[in-house]
Amino acid sequence: MKKEQVILMLCTLVIAIPLVQSVSEGPRAVKNWFKELPLKKQKSTNLHFYFHDTIAGPGQTAYQVFDSNITSTTMSQFGLGFMFDNPLTVAPEASSMRIGRGQGLFGSASLEIPRFLMNLNFVFTEGSFNGSTLQVLGTNPILSQVREMSVVGGTGVFRLARGIATAQPFFRNDTSTILEFDLVVLHY
């Protein structure tokens, strides 16, 4: 390949790569985005994926980072907390296509019944939402079949997101849980 062709190809890539992203980044771009907000139409997006949480053994993705002096004396394990970085997949099988990571913190926040406080960030790494995130915050009543948590924000294509995330166990054993997530998200 001639030197001129290589230079032309590199210039094309440098110009094209920013156009592939769906949202401009940086302080100036965000200010401009907000100036145009009154002209933007609100969108509704439905998402469905699987969250693979492994607290022990091979492939561990969640690690205990704190507990309290009463954790072992309460039925709810009050004060026990974990940090996690879990795969998100399109199907329940761990080998299915990964679309991102579920990263955050959960801790037992109830003295009486097992209920977690969740600070959960869905970080999308594939597909049309690549580079975008959704933030979920709320209580997770882990003994309930279906849990409902609030979507409180987002980045990238999910700027100003709000909505509801529902989770239900798909699989559970002593070391792993697979949660099936459905989200309805409003964003601009």
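In this predicted model, Glu36 is partly exposed, with a relative accessible area of 43%. The side chain of Glu36 takes part in a salt bridge with that of Lys40, at a nitrogen-to-oxygen distance of 4.0 Å. Lys40 is likewise partly exposed, at a relative accessible area of 26%, because this value lies between the limits of 20% for buried and 50% for exposed residues. Side chains of opposite charge can pair when their charged atoms come close.

Across the whole structure, two salt bridges were found. Besides the pair just described, Asp85 and Arg101 meet through their side chains, with 2.9 Å from N to O. This pair links distant parts of the chain, since Asp85 lies in strand S3 (residues 81-89) and Arg101 in strand S4 (residues 98-108), 16 residues apart. Asp85 has a relative accessible area of 31% and is therefore partly exposed. Arg101, with 22% relative accessibility, also counts as partly exposed.

The open spaces of the model were examined next. Rolling a probe the size of a water molecule over the atoms shows where empty space is left. The largest pocket holds about 590 Å³ of space. Its lining consists of 26 residues, of which Asp53, Phe106, Phe116, Ile142 and Thr177 are the closest to the pocket centre. Three strands each give two or more residues to this lining, namely S1 (43-54), S5 (116-124) and S9 (176-187). Sorted by class, the lining of the largest pocket contains 12 nonpolar, nine polar and five charged residues.

The second largest pocket encloses about 160 Å³ of space. It is lined by His52, Asp53, Thr54, Gly59, Thr61, Pro87, Ala94, Arg98, Ser176, Thr177 and Ile178. The elements that supply two or more residues to the lining of the second largest pocket are S1 and S9. In this lining, three residues are nonpolar, six are polar and two are charged. Asp53 and Thr177 appear in the lining of the second largest pocket and also among the residues closest to the centre of the largest pocket.

On the surface of the model, Val65, Phe66 and Met83 make a nonpolar patch of about 260 Å². Val65 belongs to strand S2, which covers residues 62-66. With a relative accessibility of 46%, Val65 counts as partly exposed. This value is over 30%, so Val65 meets the accessibility limit for membership of a patch.

The backbone was also considered. Most residues other than glycine have a negative phi, and most peptide bonds are trans. Gln77, although not a glycine, has a positive phi of about 55°. The position of Gln77 is in the loop between S2 and S3, and the residue is partly exposed, at a relative accessible area of 43%. Leu160 is another residue other than glycine with a positive phi, in this case near 60°. Leu160 is located in the loop between strand S7 (147-155) and strand S8 (162-172). With a relative accessible area of 36%, Leu160 is partly exposed.

Conventions. Residues numbered from 1 in each chain as written. Predicted model: local features only at pLDDT ≥ 70, side-chain atom pairs only at ≥ 80, totals over all residues. Heavy atoms only, no water. 1 Å grid on protein atoms, 1.4 Å probe; cavity = no way out; pocket = protein on both sides within 12 Å on 5 of 7 lines; lining within 4 Å. Points joined across faces, edges and corners; volume = space filled by probe spheres on them. Helix = DSSP H or I, 4+ residues; strand = E, 2+ residues; numbered from the N terminus. Nonpolar A, V, L, I, M, F, W, Y, C, P; charged D, E, K, R; others polar. Patch = residues over 30% accessible without salt bridge, like charges linked within 9 Å, V, L, I, M, F, W, Y side chains within 5 Å. Areas by Shrake-Rupley, 256 points an atom, 1.4 Å probe, with all protein chains shown as cover. Buried < 20%, exposed > 50% of the residue type's maximum accessible area, 1.4 Å probe, protein only.
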